[in-house]
Amino acid sequence: MHPVEHLVAFGVLLALAAGCDVFRRRVPNPIIVALLLGGLASHVATDGWRAAAAAAAVALMIGALLVVPWSIRIIGGGDLKLVAATAAWMGPGRIGAFVLATALVGGVLAVPFLRGLRATRDELLVAAAQARVAGPGAGAPIRARRVPLAVAIALGAAAAVAMG
């Protein structure tokens, strides 16, 4: 079990990652590196090198499993790295709860974005009509709608830690 002060640092880093994903649609690498190294250091400090090695193995395994969704653009590279770094905090004991909670929260967060697909379709139709009337390049660019998965990752991690 990680000490409270370690968990506070973990929570702050996850909140920063989630905020960056919501407002910038990117999770900066320094936050991810701090999460990874912090998780491994916390395992060393509390349970020793073997626990840290097991946590590193979990992080590598989760990262390897997410390469396929990343390669077909289901998730972004920052999301892949953030899940792997967060998995280092979870270790083998909490990884199942983390994955399940993150998937559930991600599904709930996806609902408004799926509803927004209709608006995106309507925006595309308007843009196409404008292009026919005014020529190519007319109208404002349409931004892609993506679920900020760092929010789901942060809430999934919080749930896994709360479950003990």
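# A guided look around the model

Guide: Welcome! Let us start at one residue: setting aside residues up to four places away in sequence, His2 touches Leu7, Gly39, Ser42, His43, Thr46, Trp89 and Arg94. Keep in mind that this is a predicted model.

Visitor: Thank you! Where does His2 lie relative to helix H1?

Guide: His2 is in the segment before helix H1, which covers residues 4-24.

Visitor: How do I read accessibility here: is His2 buried or exposed?

Guide: A residue counts as buried when its relative accessible area is under 20%. His2 has 7% relative accessibility, so it is buried.

Visitor: And which polar partners does the side chain of His2 have?

Guide: For a polar contact, look for a pair of N or O atoms within 3.5 Å. The side chains of His2 and Ser42 are joined by such a contact at 2.5 Å. The side chain of His2 also reaches the backbone oxygen of Trp89, at 2.9 Å.

Visitor: Before going on, how confident is the prediction, going by the average pLDDT?

Guide: pLDDT is the predictor's confidence in each residue, from 0 to 100. The average for this protein is 87, and 81% of the residues score at least 70. Residues 136-144 need care: their pLDDT is below 50, and the stretch has 6 contacts in the model beyond near neighbours in sequence.

Visitor: Let me try a residue inside a helix. Is Asp21 buried or exposed?

Guide: Asp21 lies in helix H1. Its relative accessible area is 1%, which means that Asp21 is buried.

Visitor: What does Asp21 meet there, apart from neighbours within four places in sequence?

Guide: Asp21 is in contact with Arg26, Val27, Asp79, Arg146, Pro148, Leu149 and Ala150. One of these, Leu149, has its backbone nitrogen 3.1 Å from a polar atom of the Asp21 side chain.

Visitor: How do I find places where residues distant in sequence come together in space?

Guide: Compare separation along the chain with the distance between C-alpha atoms. Leu109, in helix H5, is 38 residues from Val147 in sequence, yet their C-alpha atoms are 6.9 Å apart. Leu109 touches Val147, Pro148, Val151 and Ala152, leaving out residues up to four places away in sequence. With a relative accessible area of 25%, Leu109 counts as partly exposed.

Visitor: How far from Ala84 is Leu60, C-alpha to C-alpha?

Guide: Leu60 belongs to helix H3. Its C-alpha atom is 6.7 Å from that of Ala84, although 24 residues separate the two along the chain. At 65% relative accessibility, Leu60 counts as exposed.

Visitor: What about backbone angles: which sign does phi have at Arg25?

Guide: At Arg25 phi is positive, about 60°, although this residue is not a glycine. Arg25 sits in the loop between H1 and helix H2, residues 29-47. It is partly exposed, because its relative accessible area is 28%. Arg73, also not a glycine, has a positive phi of about 65°. Its place is the loop between helix H4, residues 67-71, and H5. At 78% relative accessibility, Arg73 counts as exposed.

Visitor: Now the empty spaces. How are they found?

Guide: Rolling a probe the size of a water molecule over the atoms shows where empty space is left.

Visitor: What volume does the largest pocket have here?

Guide: The volume of the largest pocket is about 440 Å³. It is lined by 19 residues, and those closest to its centre are Ile75, Gly76, Gly77, Asp79 and Arg146. Helix H5, residues 77-134, gives the most to this lining, with 4 residues. Sorted by class, the lining has 7 nonpolar, 4 polar and 8 charged residues. Asp79 and Arg146 may sound familiar: both are among the contacts of Asp21.

Visitor: And which residues lie nearest the centre of the second largest pocket?

Guide: They are Leu66, Val83, Thr102, Ala103 and Ile153, out of 14 lining residues. The second largest pocket has a volume of about 320 Å³. Helix H3 (49-65), H5 and helix H6 (149-163) each supply at least two of its lining residues. H5 gives the most, with 7 residues.

Visitor: How many of those lining residues are nonpolar?

Guide: The lining of the second largest pocket divides into 11 nonpolar, 2 polar and 1 charged. Try setting that beside the 7 nonpolar, 4 polar and 8 charged residues of the largest pocket as you turn the model.

Terms used: Residues numbered from 1 in each chain as written. Predicted model: local features only at pLDDT ≥ 70, side-chain atom pairs only at ≥ 80, totals over all residues. Heavy atoms only, no water. 1 Å grid on protein atoms, 1.4 Å probe; cavity = no way out; pocket = protein on both sides within 12 Å on 5 of 7 lines; lining within 4 Å. Points joined across faces, edges and corners; volume = space filled by probe spheres on them. Nonpolar A, V, L, I, M, F, W, Y, C, P; charged D, E, K, R; others polar. Buried < 20%, exposed > 50% of the residue type's maximum accessible area, 1.4 Å probe, protein only. Polar contact = N/O pair within 3.5 Å; in protein donor to acceptor, adjacent residues only side chain to side chain. Contact = heavy atoms within 4.5 Å.
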